[in-house]
Every structure is written in structure tokens, then in C-alpha cells.
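Please open the model in your viewer and keep a selection panel at hand. The stops below say what to select and what is there.

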Amino acid sequence: MPQNTFFKTSLGIIMVLTIVYLLHKISFVFNPLVTLVSILIVPVSVSVFLYYLLRPVVHLLDRRIVNRVVSVLLIYLVIALLLTLFFLVVWPPLRNQIQEFIENVPSLINGLTAQMNEIQKSKYFLMFNSGNPQLTSRITEYLNQLLETISGYLSQIFSFLSGFMIVVGTAPIVLYYMLKEDGRMANALVRIIPSKYRKDGKQVTEEIDSALSGFIAGRMISSFLLGVLCFIGFVIIGLPYPLMLSIICAVFNFIPYFGPLLGAIPCVIVALTESPGMVMWVIVIIFVSQQIESNLIAPYVYGRTINIHPLTTVVLILIAGEVAGILGMLLAIPLYMIVKVIVIRVYRIFLAGKVEEFVD
């Protein structure tokens, strides 16, 4: 019996590999689908993130005996007012800071080089660098390349923000139906599953919903508050481009473990173009803001902890960043949580008994 199970499992693996090979050979058939996904991935992701952020508000209004459609329209009215406030108050200085940063990259590089030369003349640095006189030039070269890379990313972001009609036209519609049909979509997915597996399917949708709700809503709120703390600190110490850099810190904070470090790098580089003392102040502000966010804010806004090993998180973020850039790093953990829940349930239903039988 174990031998038959082994051959069946081997045959199944061979069939799966054969299907993957054949699909690779006819990949041109799926090119339109890939194009469609690449177009919709950003608006759909924005809609899902906003759905989990706004769903508690809809439920609160439901308890006040407000019609669901009216609740969603009220939320849209508030969002419209906030967006108007954003484009009137926040967007003009943010746009100016991004443009100024991109235009001033050559002068920032010169300032960075000058600061590194000053550091090189320091007696403490001479003691540290006595065995490798080329270290300073290498560090300066790496920092200049990193500064140019950041400028390239900001140019892409600025281009995206200047022409995001697809997001504006698609995300509100998707979000409206997600909020209006809350709960019905999951039930519709469960009804597609064969009847004997519907109980498991319902449990899977509930687990995915709980995991995403805790992660997305909690991370978005805590990242926003972290950005506010960094902005206040950057303004106080007079760091250039405070709004742009605080937004970078907030966005990267959405990425667990790696995010705070990635968000701090541009701030430190910009501070280094001013003075070494500014670097120390920036490090202190980011460290204090991170401690406040992780110890005082995050425990109150997270619905549940992320049950993912730190090494797994690092590997996922590295792979996702290589494949899909910043967007991949932002979506890596939520997608992993979905796949993890589904794989564990499928294993329990279809494979657990067979593996135990094969081992016996």
C-alpha cells in the first residue's frame, strides 16, 4: 500500500511539472491576462487596503441603524473632503520638495563629497582608516549611487502621481462594492466550492479576512502616525525635504523588519549632505519615533500579531523586491499570509492522511 501511494504521488508530481512546462511553452496565450493584472494590481491593492481600513467605520454606522449605501456614501464624502484638503495643503509642498530634490541631486552629491572629505580629515577617522586609504572614496561612491537611485525612484513616483487616472477611475468603484457587499463576496466564493468542502472554505475565508484585517489596518494606522512623528522631528531640526522624507519613512514602515532601515537610509543621506551633527539628530528622531510606534502605538492598533518568522519575512521581501520592486515588497507579506492559510488548509484536507499512511 505505501508503494502504491508513492507511485501515485510521483505520478502527480510528474503531471504537475508537465502542465507547468506546457503552460510555459504557450505563455503568449496568457500575455493579455498578464497585462490586465499589471494594470489592475495597483488600484485593486489600494481598494483592498482602504477596505480593511474603512470597514470598521461601516460596521459602526451599521450599528447606528444607518443604511449600508448611505454609510458608504458618507465615507466617500469624508474621503473627498480629505483628498481635497490633501491636494490643497499637502500636495503643493510635497510636489515642490520632490522636484527640488530631483533637480538638486548634483549639488547634494557635491555636498555629500565635501562632508566625506571633512570627515576624512578628522583625527578619529584617520585612526580608524589608517589601513585602508581608499575607504572614504568607496563610501562616497556608494552613497552617490544610492542618492541617484533614490532620485530615480522619486522620479517614477512623481510620474505615477502625475498620471494616476487608472487608480482614480477604478479604485473608488471597486472599494464601493467591497464595502457595500461586505460579507457577501466571501459567501459567493464559498458557494463555488463543492458542498463537502464549504465548511473548510468558510473557515479559510474567515482566517484570511482576520489576518489581513489585523495586518493592513494596523500597519497603515501605525505607519501614518510614524510619518507624523518623523515630520515633526525633521521640521524641528531643520532637515531639508521634511515632508517627502517623512512620507518615505511612513511608506517603508509598512514593510516589516526591513522597512524602518530602508526608510531611514534616504533621511541619513540627505542629513549627511548638511553635517554629521544633522545625521545624529536624524538617527535619534527616527529611533525615538520607531520606539514610540512599536511600543505605544502598534499594540493598540493591531488586531493580531504577525505569526511569521523574521527570516521568512526577510527572504520574502528580498525576493519580492527583486521581482516587483517596491510594490512587491509592500504586497509580499499580505500575499504570503493568504497563501499560507490556503496551503495549510489544503494540506489538512487532502494530504495529511496520505502522508501519515505513507510513513506508516
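## Helix 11 and its buried face

Begin by selecting helix 11, where the buried residues (under 20% relative accessible area, with exposed meaning over 50% and partly exposed in between, for a 1.4 Å probe and protein chains only) are Gly259, Gly263, Ala264, Pro266, Cys267, Ile269, Val270, Ala271 and Leu272. Helices here are DSSP runs of H or I with at least four residues, strands are runs of E with at least two, and both are numbered from the N terminus. The expected span of a helix is 1.5 Å times one less than its number of residues, so the 14 residues of helix 11 should span 20 Å, and the end C-alpha atoms are indeed 20 Å apart.

Before moving on, note that this is a predicted model, in which local features need pLDDT of at least 70 and side-chain atom pairs count only at pLDDT 80 or more, while totals for chains, interfaces and linings use all residues. Residues are numbered from 1 along each chain as its sequence is written, and side-chain values use heavy atoms, with hydrogens and water left out.

## The whole chain

Zoom out to the full chain, which holds 13 helices and zero strands. Of its 360 residues, 32% count as buried. If contacts (heavy atoms within 4.5 Å) with a separation of 6 or more are drawn, 74% of them join residues 24 or more positions apart. The accessible surface, computed by the Shrake-Rupley method with a 1.4 Å probe and, for residues, with only the protein chains shown counting as cover, comes to about 21,900 Å², of which 71% belongs to carbon and sulfur atoms.

## The largest nonpolar core

Next select Phe234, Leu239, Met244, Leu245 and Val282, the residues with the most contacts inside the largest nonpolar core, which has 53 residues. A nonpolar core is a set of buried Ala, Val, Leu, Ile, Met, Phe, Trp, Tyr and Cys residues joined through side-chain atoms within 4.5 Å. Helices 2, 3, 7, 9, 10, 11, 12 and 13 each supply at least two residues of this core, and helix 9 gives the most, with 10 residues. In soluble globular proteins, nonpolar side chains tend to be buried together.

Centre the view on Leu245, which, not counting residues up to four places away in sequence, touches Phe234, Leu239, Pro240, Pro266, Cys267 and Val270. Pro266, Cys267 and Val270 are among the buried residues of helix 11 met at the opening stop.

## Salt bridges

Which residues carry the salt bridges? A search of the whole structure finds four of them, a salt bridge being a side-chain nitrogen of Lys or Arg within 4 Å of a carboxyl oxygen of Asp or Glu. Select Asp209 and Arg55, whose closest N and O atoms are 2.7 Å apart; Asp209 lies in helix 9 and Arg55 in helix 2, so the pair ties together parts that are 154 residues apart in sequence. Asp209 is partly exposed at 24% relative accessible area, whereas Arg55 counts as buried at 10%.

Now select Arg345 and Asp200, whose side chains meet in a salt bridge at 3.2 Å, N to O. This pair links distant parts of the chain, with Arg345 in helix 13 and Asp200 in helix 9, 145 residues apart, and both residues are buried. Add Glu207 to the selection to see a network of salt bridges that links it with Asp200 and Arg345.

Glu206 and Lys202 form another salt bridge, at 3.7 Å from N to O, and both lie in helix 9, four residues apart, about one turn of the helix. Glu206 is partly exposed at 46% relative accessibility, as is Lys202 at 40%.

## Two buried polar residues

Select Gln290 in helix 12, which is buried with a relative accessible area of 15%. Leaving aside neighbours within four places in sequence, Gln290 is in contact with Leu226, Asn253 and Pro260.

Then go to Ser71 in helix 3, buried with a relative accessible area of 0%. With residues up to four places away in sequence not counted, Ser71 touches Leu61, Asp62 and Val66.
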